[in-house]
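Trainee: Could we go through this structure together, one question at a time, and could you show me how each answer is reached?

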Amino acid sequence: MALTRINNNSLSAVTSAGIPGHGSLTTFEIWELQSNITADQAPVTGWVRQTSLGDNTTYSGGIFTFPSTGYWLIQASCYFRVVSGSACELNIATTTDGTNYTNQAKAYKEASNTGGQMDSTVSASYIFDVTDTSTHKLRTNFDLNDVNNIFSGFTDGRSTLTIIKLADT
């Protein structure tokens, strides 16, 4: 796969060149978390779309709605700072009934920090088979496990959510 990025927040080309039987990607999005989160949050409401190609998900109140059915790759990567010995958790959660969310992929980092701070990144991935766009939805959840921890939002790609349509259902 070839990816040409991302000059001035636009994709100039995404192709699966060299992979027999596969065409170009039709939908690709990168979201960034641009505000700090200092308490548990479900769903996370601070995602801002940075780059997209094709039909986009809609995002409202922390919930992502898919534009079409198909197999969707969801990758979340979040930078955090632990100020006291504890743990941070990132979850990719989905629903197939539009209401009840289940954590599908979890990234967890425990830190034994006995002085100062520790910075780290956690990431999780999940492939979601969206068969009904009115009921199949996505959200991310953060659990800080301590009031002194923080998921950090920056505009340099430290905390990102990538959504890619892989194939039709």
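Trainee: Where does leucine 166 lie in the chain?
Mentor: Keep in mind throughout that we are looking at a predicted model. Strands are numbered from the N terminus, and the one that runs over residues 160-167 takes in leucine 166, so the place of this residue is strand S13.

Trainee: Is leucine 166 buried, partly exposed or exposed?
Mentor: The relative accessible area of leucine 166 is 42%. Buried would need a value under 20% and exposed a value over 50%, so leucine 166, lying in between, counts as partly exposed.

Trainee: Which residues form a nonpolar patch on the surface together with Leu166, and how much accessible area do they have together?
Mentor: Leu166 shares this nonpolar surface patch with Tyr71 and Ile127. Taken together, Tyr71, Ile127 and Leu166 have an accessible area of about 260 Å².

Trainee: How many helices and how many strands does the chain have?
Mentor: Read along the sequence, the pattern is β-β-β-β-β-β-β-β-β-β-β-β-β. In the secondary structure of the chain, the count therefore comes to zero helices and 13 strands.

Trainee: How is the pair of rings of phenylalanine 66 and tryptophan 72 classed: stacked, tilted or edge-to-face?
Mentor: The structure holds six aromatic pairs, and this is one of them. The ring centres of phenylalanine 66 and tryptophan 72 are 5.0 Å apart, and their planes stand at 50°. An angle under 30 degrees would count as stacked and one over 60 as edge-to-face, so the pair of phenylalanine 66 and tryptophan 72 is tilted.

Trainee: How far apart in sequence are the parts that phenylalanine 66 and phenylalanine 128 tie together?
Mentor: The rings of phenylalanine 66 and phenylalanine 128 have their centres 5.7 Å apart with planes at 65°, so this pair is edge-to-face. Phenylalanine 66 lies in the loop between strand S6 and strand S7, whereas phenylalanine 128 lies in strand S10, so the pair ties together parts whose separation in sequence is 62 residues.

Trainee: Is phenylalanine 128 buried or exposed?
Mentor: Phenylalanine 128 has a relative accessible area of 3%. The cut-off for a buried residue is under 20%, so phenylalanine 128 counts as buried.

Trainee: Which strands are tied together by the salt bridge of arginine 49 and glutamate 29?
Mentor: A search of the whole structure finds two salt bridges, and in this one the side chains of arginine 49 and glutamate 29 meet at 2.9 Å, N to O. Because arginine 49 lies in one strand and glutamate 29 in another, the pair ties together parts that are 20 residues apart in sequence, namely strand S4 and strand S3.

Trainee: Which partner in the salt bridge of lysine 165 and aspartate 168 is exposed?
Mentor: The closest N and O atoms of lysine 165 and aspartate 168 are 3.0 Å apart. Lysine 165 has a relative accessible area of 9% and is buried. The value of 60% for the other residue is over the 50% needed, so the exposed partner is aspartate 168.

Trainee: Where does the cis peptide bond that leads to proline 43 start?
Mentor: Proline 43 lies in the loop between strand S3 and strand S4. The peptide bond that leads to proline 43 has omega near 0° and is cis, and the residue from which it runs is alanine 42.

How values were computed: Residues are numbered from 1 along each chain as its sequence is written. This is a predicted model: local features need pLDDT of at least 70, side-chain atom pairs count only at pLDDT 80 or more; totals for chains, interfaces and linings use all residues. Side-chain values use heavy atoms; hydrogens and water are left out. Helices (H or I, at least four residues) and strands (E, at least two) are DSSP runs, numbered from the N terminus. Rings of Phe, Tyr and Trp (its six-membered ring) pair if their centres lie within 6.5 Å; planes under 30 degrees apart count as stacked, over 60 as edge-to-face and the rest as tilted. Buried means under 20% relative accessible area, exposed over 50%, partly exposed in between (1.4 Å probe, protein chains only). Patches are made of residues with over 30% relative accessible area and no salt bridge: like charges are joined within 9 Å, nonpolar side chains (Val, Leu, Ile, Met, Phe, Trp, Tyr) within 5 Å. Accessible areas come from the Shrake-Rupley method with a 1.4 Å probe; for residues, only the protein chains shown count as cover. A salt bridge is a side-chain nitrogen of Lys or Arg within 4 Å of a carboxyl oxygen of Asp or Glu.
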